[in-house]
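Please examine the sequence and the model shown here. The paragraphs after them form a guided reading of selected features.

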Amino acid sequence: MSAPFPLHLLAPPDPDTLPLPFPARPADGVRLLRGAVYAVPDGSRPLTVDLWLPEGGSGSVPVVVFVHGGGWRTGLRDDLGPRFRHWRPGPFARLAQAGFAVACPDYRLSGEAPHPAQTEDLAALLAWLGTRAGHLGLDTGRTVLWGESAGGHLAALTALTRPVGAVSGCVTWYAPTDLPGLAEDRHAGAYDAHDPRSFEALLLGGAPADSADVARAASPVAHVGTEAPPFLILHGADDSLVPARQSVRLAEALRSAGHRPDLCLLPRGNHMWVGLSDEEVEDCYSRTLSFLRRCADHPEP
């Protein structure tokens, strides 16, 4: 009789020990490790991350984790939106040239798993970055989360629910922050909290009005406490998809807990910075870079 098959060989490889991708060099002074596997959730596809790293230099560098948008339903991990796709070098290469490591992860979308799978994936990413920090030259004690739209929601939720000190700052661009409050913040008739097909319902596994406790637990405003990290909150005042009031709600919650968030509502700005001039879009990026530097205590070159 033959020996039994070693079933442990069927288990996925440990992402902490997998070889890292061979680096590309998409811009001067930048190494890009595209598609490193950071987690293999049971029953799901492997989750990957792109790492934009400064080339050369000495010592460990601060980390920016960028979380893409797409209504929790779609999106590309390295896409900051249509206003940035023509930039050369791109926005993440520019951050690497400024001395930051940038991690752009996949996460499970709402069609693959409901909340809280997405924040569980970001927690797994942070743990993986900590494991790989020595090899990659990362100072994960200086980690800032940054997300746009649904990614901003996930960045804020992760920043506010991680252990104290795990995240040194958070940037949100036009993000939903209070899911039960969306019905009040949208124009009358523009949002149905009982609709099981809305982006929020697909994330929560049920319509927000019928899953009130889950919707509240999935809202960053519900997790603001005295130990919250610094926040930069940017939102277009004329956003027709995610009302600017959502960002005001987060800022008010942070102020009530004793914090001083930096809230900026941009006149004429719609979702994804539609309606803003190129100069105003550049300013949104510059504001973000300045905030990242402050959080990382990273001086200007």
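What follows is an account of one threonine and its surroundings, several salt bridges and a surface patch.

The model is predicted. A convenient starting point is threonine 48, which belongs to strand S2, spanning residues 47-54. With a relative accessible area of 14%, threonine 48 is buried, because the limit for that class is under 20%. Its side chain takes part in a polar contact of 3.0 Å with the side chain of arginine 77, and another polar contact, of 2.7 Å, joins it to the side chain of aspartate 106. When neighbours within four places in sequence are left aside, the residues in contact with threonine 48 include Gly35, Ala36, Val37 and Tyr38, as well as Cys104 and Pro105.

Both polar partners of threonine 48 lead on to the charged residues. Arg77 and Asp106 belong to a network of salt bridges that also links Arg34, Arg45, Asp50, Asp78 and Glu112. Side chains of opposite charge can pair when their charged atoms come close. Within this network, arginine 34 forms a salt bridge with aspartate 78, with 3.1 Å between the closest N and O atoms. Arginine 34 lies in strand S1, whereas aspartate 78 is in the loop between strand S3 (61-67) and helix H1 (91-97), so this pair ties together parts 44 residues apart in sequence. Arginine 34 is partly exposed at a relative accessible area of 42%, and aspartate 78 is likewise partly exposed, at 30%.

The salt bridges in the model come to 21 by count. Another of them joins arginine 83 and aspartate 278, whose closest N and O atoms are 2.9 Å apart. Arginine 83 is found in the loop between S3 and H1 and aspartate 278 in helix H8 (residues 278-296), so the pair ties together parts that are 195 residues apart in sequence. Arginine 83 is buried, with a relative accessible area of 17%, whereas aspartate 278 is exposed, at 52%.

Helix H8 also holds a salt bridge between arginine 287 and aspartate 283, with an N to O distance of 3.0 Å. These two residues are four apart in the helix, a separation of about one helical turn. Arginine 287 is partly exposed at 34% relative accessibility, and aspartate 283 is partly exposed at 35%.

The last feature is a nonpolar one. Phe5, Leu7, Leu9 and Leu10 form a patch on the surface, with about 490 Å² of accessible area together. Of these residues, leucine 10 is located in the segment before strand S1 (30-39), and leucine 10 counts as exposed at 63% relative accessibility.

Notes: Residues are numbered from 1 along each chain as its sequence is written. This is a predicted model: local features need pLDDT of at least 70, side-chain atom pairs count only at pLDDT 80 or more; totals for chains, interfaces and linings use all residues. Side-chain values use heavy atoms; hydrogens and water are left out. Buried means under 20% relative accessible area, exposed over 50%, partly exposed in between (1.4 Å probe, protein chains only). A polar contact is a pair of N or O atoms within 3.5 Å; within protein, one must be able to donate a hydrogen and the other to accept it, and residues adjacent in sequence count only if both atoms are side-chain atoms. Contact means heavy atoms within 4.5 Å. Patches are made of residues with over 30% relative accessible area and no salt bridge: like charges are joined within 9 Å, nonpolar side chains (Val, Leu, Ile, Met, Phe, Trp, Tyr) within 5 Å. Accessible areas come from the Shrake-Rupley method with a 1.4 Å probe; for residues, only the protein chains shown count as cover. A salt bridge is a side-chain nitrogen of Lys or Arg within 4 Å of a carboxyl oxygen of Asp or Glu.
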